[in-house]
Amino acid sequence: MKYISESLEETQKIASEFAKTLQESDVLCMYGDLGAGKTAFVQGLAKGLGIEDHVTSPTFTIVNEYYGSMPLYHFDVYRIADSDEMYEIGYEEYVYGEGVSVIEWPQLIDDILPEKRYEITILKDYDKGEDYRTIEIQRKGYGD
C-alpha cells in the first residue's frame with residue numbers, strides 16, 4: 001500500500017486507519033531519515049489503538065509503552081550497540097507479546113527481526129513541498 005501525505009494530520013490519519021487492521025504481536029519496522037515523520041506515524045497508530053497518552057520518540061529510553069485497546073511498544077534502536085542489547089531489555093517479551101511493536105531504525109537489529117512483519121517506509125520529497133511524504137506499507141513473511 002502506498003499513500004501520499006501533505007501534512008502531519010494526514011500522516012496521523014493514515015496511521016490511525018492502519019492501526020485498526022493490526023493484531024496482537026504485529027511488528028512494524030519503520031524506515032526513514034531523521035525528521036521523515038516516523039514519530040508522527042506512531043502518534044496516529046496510538047490514536048487508532050485508543051491510546052490517549054502523549055506519544056514521543058523513545059530516543060534515550062529505547063522503548064516507550066502505551067496502553068489502549070491493545071498495548072503499543074515503541075522502540076527507537078538508533079543508539080543500540082548490537083542485538084544482544086535488545087535481549088537485555090526484554091525484546092522478545094515485547095515483540096512476541098500481546099501488543100503491537102513499532103521499531104524505528106530496524107536495520108540496526110536486522111538479525112533478530114521476526115520474519116512476519118510490516119515494513120513502513122516514509123520518504124520526504126522537498127521538491128513537492130516541506131510536508132510532502134510518501135508512506136509505503138508492505139507485509140513481509142505472511143505468504144501473500
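**Notes on the predicted model**

1. Ile62 sits in the loop that runs between helix 2 and strand 3 (63-66). The model is predicted, and the backbone at this position deserves a look: Ile62 has a positive phi of about 75°, although it is not a glycine. Is Ile62 buried or exposed? Its relative accessibility is 16%, so Ile62 counts as buried.

2. Ser25 is another non-glycine residue with a positive phi, here about 70°. Ser25 belongs to the loop between helix 1 and strand 2. With a relative accessible area of 30%, Ser25 is partly exposed. A positive phi also occurs at a glycine: Gly50, just after helix 2, takes a value of about 75°.

3. Helix 2 itself covers residues 38-48, and eight of its 11 residues are buried, so the helix is largely enclosed by the rest of the structure. The buried residues of helix 2 are Lys38, Ala40, Phe41, Val42, Gly44, Leu45, Ala46 and Gly48. A lysine, Lys38, is thus among the buried residues of this helix. What do the buried residues of helix 2 pack against? Their partners are helix 1 (8-19), strand 2 (27-31), strand 4 (72-76), strand 5, strand 6 and strand 7.

4. Arg133 is placed in strand 7 (residues 133-140). The residue is buried and yet has no salt bridge. Asp131 offers the nearest side chain of opposite charge, at 4.4 Å from Arg133. Since a salt bridge requires a side-chain nitrogen of Lys or Arg within 4 Å of a carboxyl oxygen of Asp or Glu, the pair Arg133 and Asp131, at 4.4 Å, is not counted.

5. Which backbone oxygens does the Arg133 side chain approach? One belongs to Gly35, which the side chain of Arg133 reaches at 3.1 Å. Another belongs to Asp131, whose backbone oxygen lies 3.3 Å from a polar atom of the Arg133 side chain. Asp131 therefore appears twice in the surroundings of Arg133, with its side chain at 4.4 Å and with its backbone oxygen at 3.3 Å, where the limit for a polar contact is 3.5 Å.

6. Setting aside neighbours within four places in sequence, Arg133 is in contact with Tyr3, Ile4, Ser5 and Thr11, with Gly35, Ala36 and Gly37, and with Ile122, Leu123 and Lys124. Gly35 is in this list and is also the residue whose backbone oxygen the Arg133 side chain reaches.

7. How many salt bridges does a search of the whole structure find? The search gives three. In general, side chains of opposite charge can pair when their charged atoms come close. Arg117 pairs with Glu119, with the closest N and O atoms 3.0 Å apart. Both Arg117 and Glu119 are buried.

8. A further salt bridge joins Glu17 to Lys20, and its closest N and O atoms are 3.2 Å apart. Glu17 counts as partly exposed at 44% relative accessibility, whereas Lys20 is exposed with a relative accessible area of 55%.

9. Glu130 forms a salt bridge with Lys124, the closest N and O atoms being 4.0 Å apart. This value should be read against the cut-off, which is within 4 Å. Glu130 is exposed, its relative accessible area being 54%, and Lys124 counts as partly exposed at 25%. Lys124 is also one of the residues in contact with Arg133.

10. Asn64 lies in strand 3 and counts as buried at 14% relative accessibility. The side chain of Asn64 makes a polar contact of 3.3 Å with the side chain of Tyr66. Not counting residues up to four places away in sequence, Asn64 touches Thr56, Ser57 and Pro58, as well as Leu72, Tyr73 and His74.

11. On the surface, Leu34, Tyr78 and Leu108 form a nonpolar patch, with about 320 Å² of accessible area together. Leu108 comes from the loop between strand 5 (100-104) and strand 6 (117-124). At 41% relative accessibility, Leu108 counts as partly exposed.

12. Gly143 is in the segment after strand 7 and is exposed, with a relative accessible area of 82%. How far is the C-alpha atom of Gly143 from that of Lys116? The two atoms are separated by 9.1 Å, while the residues are 27 apart along the chain.

Definitions and conventions. Residues numbered from 1 in each chain as written. Predicted model: local features only at pLDDT ≥ 70, side-chain atom pairs only at ≥ 80, totals over all residues. Heavy atoms only, no water. Patch = residues over 30% accessible without salt bridge, like charges linked within 9 Å, V, L, I, M, F, W, Y side chains within 5 Å. Areas by Shrake-Rupley, 256 points an atom, 1.4 Å probe, with all protein chains shown as cover. Helix = DSSP H or I, 4+ residues; strand = E, 2+ residues; numbered from the N terminus. Buried < 20%, exposed > 50% of the residue type's maximum accessible area, 1.4 Å probe, protein only. Lys, Arg positive; Asp, Glu negative; His and termini not counted. Polar contact = N/O pair within 3.5 Å; in protein donor to acceptor, adjacent residues only side chain to side chain. Contact = heavy atoms within 4.5 Å.
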